Amino acid sequence: MIICCRICKKKDKNSSDGSDEALPLVGTLRTSGNLTYNIDYNFNTARISFAKLDFCNITVPQVLNKHKVVISMVIEHSGESWESPALFREPKIIVTCNRKFYCPLEFLANNKIIVVVHLKKNFDDVCVSECIIPLDEEMVRGTFLRDLSSYVPRESKYRGEISILLRYQPQRKNFTIGIVECKNLPQMDFDGTTNPYAKLEVNLKGTLLLKDKTKVMKKTQNPYFNQTFKVNISPNKLPYVFIIVKIKEHETIGPGKTIGRVMLGSDVENENCAKHFDDMIQSTKKSITIWHPLIP
């Protein structure tokens, strides 16, 4: 259940302390703390900005007490997203969002931004609570207070597909990851084009072994990268390797938007991704190339 109110601009007649503002909540459910946010929509540039996000009393399971807090935001109609740096968990957390989300006026109605509270430690990423921010002309300017509710997993939207090559040569301890190509990527620029590149990370039990990226492919939703990356890993450590491939949109200024990602390793949740990795371990004579769907 999502509970929302507009911050009252008039003096609360029932307030005993005489304060100029009151922050009533319409409703009674408070499952995971609350969020106060200041939102502004520029009707000329069609950009949504947030002055700050103020989280209070985020509920955390005891087993996750040592995890840090990460806040993610995604606008539903385009999949444009933003993620905060890892923050220490405190009773009150103030987050500054430097992303200005693009949303044409005709898309405001029935659109929304999903705010998710993550708890992260190494490769643990647990979504504990969320807040749905509606986007309509009455709710895109001002300060609002909303309850956080328990996180509800959603079916991932289709973001295209990626072809990845894996090969391991135990005699040479040579592990090869190939970013071959993508297909059916969504349009990311205002002019309907996409300028994608792939970002690769190879990790071993929390240690970063390799971080690299492909060249940028201009104005295509079906980029052919055909680039390989190699790292030396002993056979007994290979089952503990974890791979993240992100397809990102190139930006001239600032970090690129993430179009989609895929994770490979023996312990990943996606069965096809885990099988691709395990088949590579078993097959030492040839490379294995498989298409994987990208997830947001």
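**Contacts, sheet pairing and aromatic pairs in a predicted model**

T214 makes contact with I179, Y197, A198, F225, Q227 and F229, leaving aside residues up to four places away in sequence. The model described here is a predicted one. T214 belongs to the loop that joins β15 (207-213) to β16. Its relative accessibility is 6%, and because buried means under 20%, T214 counts as buried.

Some overall values help to place this residue. The protein chain is made up of 296 residues, and 45% of them count as buried. One helix and 19 strands form its secondary structure. Among the contacts with a separation of 6 or more, 62% are between residues 24 or more positions apart. The accessible surface of the chain is about 16,200 Å², and carbon and sulfur atoms contribute 48% of that area.

Strand β16, which follows the loop of T214, is also part of an open sheet. This sheet has four strands in the order β16-β13-β12-β19, and their pairing is antiparallel. The edges are taken by β16 (224-232) and β19 (288-293); each has a single partner strand, so one side of each has no neighbour in the sheet. From one strand to the next, the twist averages 20°. Strands of a sheet pair through backbone hydrogen bonds, in either a parallel or an antiparallel way. Here, β12 (residues 161-169) and β19 are joined in the antiparallel sense over six bridges, and S163 is found opposite W291 of β19. The helix of the model, α1 (residues 271-282), lies across β12, β13 (174-183) and β19. With respect to β19, helix α1 runs at about 170°.

The aromatic residues offer another view of how parts of the chain come together. The structure contains six aromatic pairs. A pair of this kind is described by two values, the distance of the ring centres and the angle of the planes. For Y37 and F144, the ring centres are 5.6 Å apart and the planes lie at 25°; since planes under 30 degrees apart count as stacked, this pair is stacked. Y37 comes from strand β2 (residues 34-42) and F144 from strand β10 (residues 142-147), so the pair ties together parts separated by 107 residues in sequence. Y37 has a relative accessible area of 1% and is therefore buried. F144 is buried too, with a relative accessible area of 0%.

F50 and F101 form an edge-to-face pair, with 6.5 Å from centre to centre and 85° between the planes. F50 is located in strand β3 (residues 47-56) and F101 in strand β7 (residues 101-102), so this pair ties together parts that lie 51 residues apart in sequence. Both of these phenylalanines, F50 and F101, are buried. The two pairs are not isolated from each other, as Y37, F50, F101 and F144 make up one aromatic cluster.

Lysine side chains are also placed over aromatic rings. K68 has its charged end over the ring of F88, at 4.2 Å from the ring centre. K205, in turn, lies over the face of Y240, and here the distance to the ring centre is 4.3 Å.

Key
Residues are numbered from 1 along each chain as its sequence is written. This is a predicted model: local features need pLDDT of at least 70, side-chain atom pairs count only at pLDDT 80 or more; totals for chains, interfaces and linings use all residues. Side-chain values use heavy atoms; hydrogens and water are left out. Rings of Phe, Tyr and Trp (its six-membered ring) pair if their centres lie within 6.5 Å; planes under 30 degrees apart count as stacked, over 60 as edge-to-face and the rest as tilted. Helices (H or I, at least four residues) and strands (E, at least two) are DSSP runs, numbered from the N terminus. Buried means under 20% relative accessible area, exposed over 50%, partly exposed in between (1.4 Å probe, protein chains only). A charge sits over a ring if NZ of Lys or CZ of Arg is within 6 Å of the ring centre and within 35 degrees of the ring normal. Contact means heavy atoms within 4.5 Å. Accessible areas come from the Shrake-Rupley method with a 1.4 Å probe; for residues, only the protein chains shown count as cover. Two strands pair if DSSP finds at least two bridges between them. Axes are lines fitted to C-alpha atoms, for helices over the stretch in contact, and angles run from 0 to 180 degrees between N-to-C directions.
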